[in-house]
Structures are given as C-alpha cells and as structure tokens.
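The following exchange examines how the descriptive terms applied to this protein are justified. Please consider the sequence and the structure first.

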Amino acid sequence: MKLDLPESITLNCPSCKSEYLAIDEYKIVSCQTCSLKIHKDELINQNNLEEKINIEQLSKDLTKEIQKIFKGKNWK
Ligand SMILES: [Zn+2]
C-alpha cells in the first residue's frame with residue numbers, strides 16, 4: 001500500500017475526520033483510524049461538499065447576527 005494523495009489537498013475521513021488515509025492501486029482510500037473504505041473521487045466530493053455547507057451555514061449565521069443588531073436599534 002502506498003500513499004500518493006497530492007500533498008496540496010488535505011482530505012479527511014468523512015466518518016472520523018482523520019487525516020491518516022492510505023490509497024491503493026484501485027484509488028480506494030482506506031482510513032487508518034476507523035478502517036472506512038471510500039473511492040478517492042467520492043472522498044474529494046465529500047470534502048468539497050462539507051466545505052460548501054460550512055460557508056452556507058456561516059453566511060446564515062452572519063445574517064441572523066445582522067438582523068439582531070438591526071432589531072436592537074429598532075431598525076426594521
Ligand atoms: Zn476514519
């Protein structure tokens with residue numbers, strides 16, 4: 001088993017968030033922490049998806065905060 005994930009991309013296990021991942025010749029990534037097996041493309045998709053959700057959640061929270069500030073100042 002050899003590690004050939006590009007160093008510029010940090011991928012995390014979608015199950016336990018571990019960065020200790022190994023990839024085999026069939027591009028199947030195995031988590032060294034919880035033994036989860038997932039295809040490399042699928043893993044990259046999952047990691048990208050999580051990033052997107054976090055940004056959406058962040059902008060929602062920000063909108064709520066702004067609304068609170070406006071309410072406190074009697075701005076409608
Ligand atoms: Zn894992």
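Q: What makes β2 and strand β3 a pair, and in which sense do they run?
A: In this predicted model, β2 and β3 (residues 37–39) are joined over three bridges in the antiparallel sense. Pairing requires at least two bridges found by DSSP, so the three bridges between β2 and β3 satisfy the criterion. The bridge partner of I28 in β3 is H39. The hairpin of β2 and β3 has five residues between the strands, and S35 there takes a positive phi near 70°.

Q: How do you know that strand β1 is paired with β2?
A: Three bridges join β1 (residues 21–23) to β2, and the two strands run antiparallel. As at least two bridges are needed, β1 and β2 therefore count as paired. I23 has V29 as its bridge partner in β2. Four residues lie between β1 and β2 in their hairpin, where K27 in the turn has a positive phi of about 65°.

Q: Which side chains of strand β2 are buried, and which are not?
A: V29 and C31 point to one face and are buried, whereas I28 and S30 point to the other and are not. A residue is called buried if 20 or more other C-beta atoms lie within 10 Å of its own; V29 and C31 therefore reach that count, and I28 and S30 do not.

Q: Why are V29 and C31 assigned to a nonpolar core?
A: The largest nonpolar core has six residues, C13, L21, V29, C31, I38 and L43. Val and Cys are among the eligible residue types, and members must be buried and joined through C-beta atoms within 7 Å; V29 and C31 are therefore buried residues joined into this set.

Technical notes:
Residues are numbered from 1 along each chain as its sequence is written. This is a predicted model: local features need pLDDT of at least 70, side-chain atom pairs count only at pLDDT 80 or more; totals for chains, interfaces and linings use all residues. A residue is buried if 20 or more other C-beta atoms lie within 10 Å of its own, exposed if 12 or fewer, and partly exposed in between; C-beta atoms are placed from the backbone.
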